[in-house]
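Biologist: Please take one part of this model and look at it closely: how its helices pack. Start with where confidence is low.

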Amino acid sequence: MRFTAEQCSQLKFPIGCPVWFNLGDVGVKEASTSHPNPKRGVVSGAEWNNKIFYEVTHADKSSSIIITEEVEDDKLGFGATCPITILPDNVDADADPLEGEIVLCTPSTTNPNTFVYTAMIFLDGKSKVRYESGIEEKRVVYRKVDESIVDNSSSVALGSVCKGKGAITDDTSEAENAPKGYDNSSLMRTNNGSYDDEEGEVIEEPRRSLPPPSIMYNDNHTTRVKSGDETKSSALNVPSKLVILVPLWLQKDRTSQRSLFFHLIGANGCNTKRIEHETRCKVRIVRSGDGEEAPFIPMKIHIEAMNAPKALRDLKTARQIIQSLVLEYVGNDGCRGRVLYEIAKNCWGTHRPNQSTSRAVNDFNPFVNSGQHVFMSVVELPFVCEEGRKSFHGAHSVLMKASLDRIQATGCFVQVAQNGFRIPTELCDPYVFVYGKTHRCVDRAVDIIKNVIRSHQKKCSCTY
């Protein structure tokens, strides 16, 4: 299960925290004999799979691209420049906590699976500093700082990682295309031993309250791999693989998942054969087994481009064909806007502007047949639980004339997908569909809608 931004802020390593990992086998015997290849990066998210795994974004020195690895909780240490608070030790328990920054992190040679730190400690209101080494891990906690400082320090932390032979640095033009804050609250992933991630997987970071670190990368793509795995890229550094995560609300049980699966592959595999013929991409769909005792595995669609020079175009075409097949499956249900948006936002590509604060994507409007491309985003509606069922609120406030006038002034339009409204939906939770000509006007419209919903929540007990 993926943690939300609020949950991540309570973890040991919150989003934006600089970290070290891959420091070698941590332990008494191994510390002196291991030959580690230390990596420095920034935490971009976290998830629970029997234990906490952190998503750490860093630069791969050999290929000069940005990748994200999943690292176990006990394999991470605070990175250089990380703001920290040092708690008193047992000898001087009454002393005040000290503020400072990490200078060095090394595996402990006395306590297995722990680290020791060297830190720069601030004195006299930061006018003076002193350095202290041998600080035990249990005494060090992350120190929250002002939002402006977090953004700056995060950029510096990842920028320092990128600086190397042939690497992209902070002063390149790609810095202007750095991703901004975005919401991924709809994506909840459950992993188990059968939920295989052996391939490089491209998915977005989770919802966060602060913008993530400035990430620079080639061709507007970020490649994510599991620890110990590597994703091979083409000579142009364009990833040749794409993974589509099918929304969980569309596969609530084995029956619905099986029905969707057979619709996607088509009679005698005609749909997958069509994709392979038109795009020269291999398609593989992973799902749960039919046996009741088999674990339920969320469906994932793996696409691999076989023609490297045209991988970007072929993967885009394959994604659009799959989106059309999914829309065909849901029919005229009001979830059309949400399902297309969720698939598009979790796939890398030029359709996804990095600067968008609402995570807007550029795709065809699923509610009209013109094929016109628009920028779109989705806003969740708050709810209250009544007799075990959710009752969603806020839609009427969004559709009030005063609200609509402000939204339309941005150049955007909205549609509410909810039973009792013009677009009813039975397959997903109600939502607000926002679309316009540019991602900036969509961002402004989404901000207006969220402010309207917040005003409603002040008078109501509904929540998310």
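Modeller: Over residues 26–35, pLDDT (the predictor's confidence in each residue, from 0 to 100) stays under 50. The model still has 17 contacts (heavy atoms within 4.5 Å) beyond four places in sequence for residues 26–35. Residues 147–236 also stay under 50, with 232 such contacts. This is a predicted model: local features need pLDDT of at least 70, side-chain atom pairs count only at 80 or more, and totals for chains, interfaces and linings use all residues. Numbering runs from 1 along each chain as its sequence is written, and side-chain values use heavy atoms, without hydrogens or water.

The chain's mean pLDDT is 76, and 74% of its residues reach 70 or more. Among its elements, helix H2 (residues 147–162) has the lowest mean, 37. Strand S20 (residues 431–436) has the highest, 95. Helices (H or I, at least four residues) and strands (E, at least two) are DSSP runs, numbered from the N terminus.

Now the packing. Helix H8 (residues 401–408) and helix H9 (residues 439–458) have axes that come within 9 Å and cross at roughly 160 degrees. H8 and H9 are therefore roughly antiparallel (over 145 degrees). Ser-403, Arg-406 and Ile-407 of H8 meet Ala-445, Ile-448, Ile-449 and Val-452 of H9.

Helix H3 (residues 254–265) and helix H4 (residues 270–279) have axes within 5 Å, crossing at roughly 45 degrees. That makes H3 oblique to H4 (neither under 35, over 145, nor 65 to 115 degrees). His-263, Leu-264 and Ile-265 of H3 make the contact with Cys-270, Asn-271 and Thr-272 of H4.

Technical notes. Axes fitted to C-alpha atoms, helices over the stretch in contact; angles between N-to-C directions.
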